[in-house]
Amino acid sequence: MSDFNTVILAAGKGTRMRSALPKVLHLVGGAPMVCHAASLAQSLASKNTVVVVPKQAESIQSVLQDRPYKKISYAVQAQQNGTGHALQCAMGALPKTGHVYVINGDMPLVRKESLQALKKLHLKTKSAVSFLSATVDKPFGLGRVVRDDQKNVQAIIEEKDATAAQKKINEINVGVYLFDLAFLHKEISKLKSNNKQKEYYLTDLVALAKSRDKTVSALCLQNSLEAKGVNTIDDLNDVNKAYYLQRCQNESERGNLIVGDQVFIDFDVKLGTGLKLESPCYLKGNSNLANGVCVESGVQIKNSQIGEDSVIKANCYLDQARLKARNQIGPFAHLRPGSDFADDVKVGNFVETKKTKLGHGSKVNHLSYVGDALVGKKVNVGAGTITCNYDGKNKFKTVLEDGVFIGSDTQLVAPVKVGKGAFVGAGSTITKNVAADSLALSRVPQKEIKGWAKKRK
Ligand code: UD1
Ligand code: CA
């Protein structure tokens, strides 16, 4: 049995980003790039995952600790002396034998399948060094893969050190490697920094392996999009676009229908199958959409849970909402944090809810604000109902028990409770609790002056 480990290089300064934020904390698909690398490492079932971080790395460690990653350890690279030096800093945390993936922390588009293919090649060829390459139109700034007449890899040469002829090569080094650990332990200290950047290049291990008569293999990616790394903010924009595209492709392969080309699914969003997502829509944060959910156009869903077969109709905004199965929301509904709905709830157009529980089968269909409310089962909240929950200082609770019917245009002045099965007549201002099974009305009695209008004419 071979043992696989992963090292993530995340200690670079990211000077080219022109930002104080460590480069690997910039967001792709709403998640820090280092989390993309860590998730990839976890999906490879790495024995150890070592993240190489700079000296003050609390921010990097805290985003990783916020997630349920297993067996992550940190190696500090106090001075940024290059990628080769970064890997040297991680060696102490790695076993003496087996294999180690090394992943640049700024490559969020690399797919697990590509690493599995690299592993296959690495084991088959018994290579000391294997790495991913790609053929790109604009290789500027990247390491070039130099091959001999037999197409065997000889070296990776960095842009700054390349000859004019080497600069014309458009096969580039992606920044994802697989090393034999015994080779690495033996040779990594031999790296030299006699190059233009005076850095220890990880990529020099390729030529070093060749000089020791070891096998080196490169796997050229079919889809060069995966090879896109982030060095500048411009790259970050490109990679974000590519990330969302890649995610939509994955989702349609998983059996989710994506209609149109403006569907944005963040990295931490989990989707079931049989969903339909209409463009434009944006699914953000830690959202979880179960099987069969339909999201119509113009919707944004953030950190929310949506139960099976629910429909979020056009132009809704959901933030920290929790919906069970078969809810029908919108069009034009705003579900704010703490909106917590049981099965078969209906919330219609121009309705806002906040910190509100709606019980099984309850409906708030039109033009209402329901905040700080506990609503039971099969409650009907009529059009234009407002929970008056705030007196300018404090918030108060409204309780509507099972089977309550609230007539249209009602104000519920909290704290207030309407008992089980009670009715509230339309146009009422309810300031006192209503007993179960009764009718509460607070309208001004209607006056009628016969013939008044006719006389006026
Ligand atoms: C590197 C490769 C280049 C490849 C490119 C792909 C080297 C010498 N060059 O260049 O061949 O085409 O990636 O994107 O490796 N890092 C550290 N410590 C350091 C320096 C960097 O941890 O001292 C980390 C960075 O945080 C980053 C990664 O290593 O995640 C790559 O570093 P970067 O400076 O971006 O390398 P490139 O110039 O892109
Ligand atoms: Ca880079």
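**Notes on the predicted model: two proline loops, a ligand and a pocket**

1. Let's start with a proline. P331 sits in the loop between β24 (328-329) and β25 (333-335). Keep in mind throughout that this is a predicted model. The bond leading into P331 from G330 is a cis peptide, with omega near 5 degrees.

2. There's another cis bond to look at, this one joining S279 and P280, where omega is about -5 degrees. P280 also belongs to a loop, the one between β15 (276-278) and β16 (281-284). As background, most peptide bonds are trans.

3. While you're checking the backbone, have a look at D213. Its phi is positive, about 60 degrees, although D213 isn't a glycine. You'll find D213 in the loop between α7 (204-211) and β11. For context, most residues other than glycine have a negative phi.

4. Now the ligand. Which residues come closest to ligand 1? They are A11, Q77, T83, E158 and N173, out of 24 residues that surround ligand 1. By type, the shell around ligand 1 splits into eight nonpolar, twelve polar and four charged residues.

5. A few polar approaches to ligand 1 are worth pulling up on screen. D106 puts a polar side-chain atom 3.1 Å from an oxygen atom of ligand 1. N231 does so with a polar side-chain atom at 3.3 Å from an oxygen atom of ligand 1. With G143 the backbone is involved: an N or O atom of its main chain lies 2.9 Å from an oxygen atom of ligand 1. As for burial, ligand 1 has 760 Å² of accessible area on its own, and the protein covers 91% of that. The elements giving two or more residues to the shell around ligand 1 are α3 (83-90) and β10 (171-180).

6. On to the second largest pocket, which holds about 1,200 Å³ of space. Its lining counts 38 residues, and those nearest the pocket centre are S39, K112, R247, N250 and F267. Two or more lining residues come from each of α1 (33-43), α4 (112-125), β11 (216-220), α8 (233-253) and β14 (270-271). Which element supplies the largest share of the lining of this second largest pocket? That's α8, with seven residues.

7. Two last remarks on the second largest pocket. In its lining, 15 residues are nonpolar, twelve are polar and eleven are charged. And which domains contribute at least three residues each to the lining? Both domain 1 (4-227) and domain 2 (233-440) do.

Key. Residues numbered from 1 in each chain as written. Chains lettered and ligands numbered in written order. Predicted model: local features only at pLDDT ≥ 70, side-chain atom pairs only at ≥ 80, totals over all residues. Heavy atoms only, no water. Near = heavy atom within 4 Å. Polar contact = N/O pair within 3.5 Å; in protein donor to acceptor, adjacent residues only side chain to side chain. Areas by Shrake-Rupley, 256 points an atom, 1.4 Å probe, with all protein chains shown as cover. Helix = DSSP H or I, 4+ residues; strand = E, 2+ residues; numbered from the N terminus. Nonpolar A, V, L, I, M, F, W, Y, C, P; charged D, E, K, R; others polar. 1 Å grid on protein atoms, 1.4 Å probe; cavity = no way out; pocket = protein on both sides within 12 Å on 5 of 7 lines; lining within 4 Å. Points joined across faces, edges and corners; volume = space filled by probe spheres on them. Domains from an automatic or database assignment.
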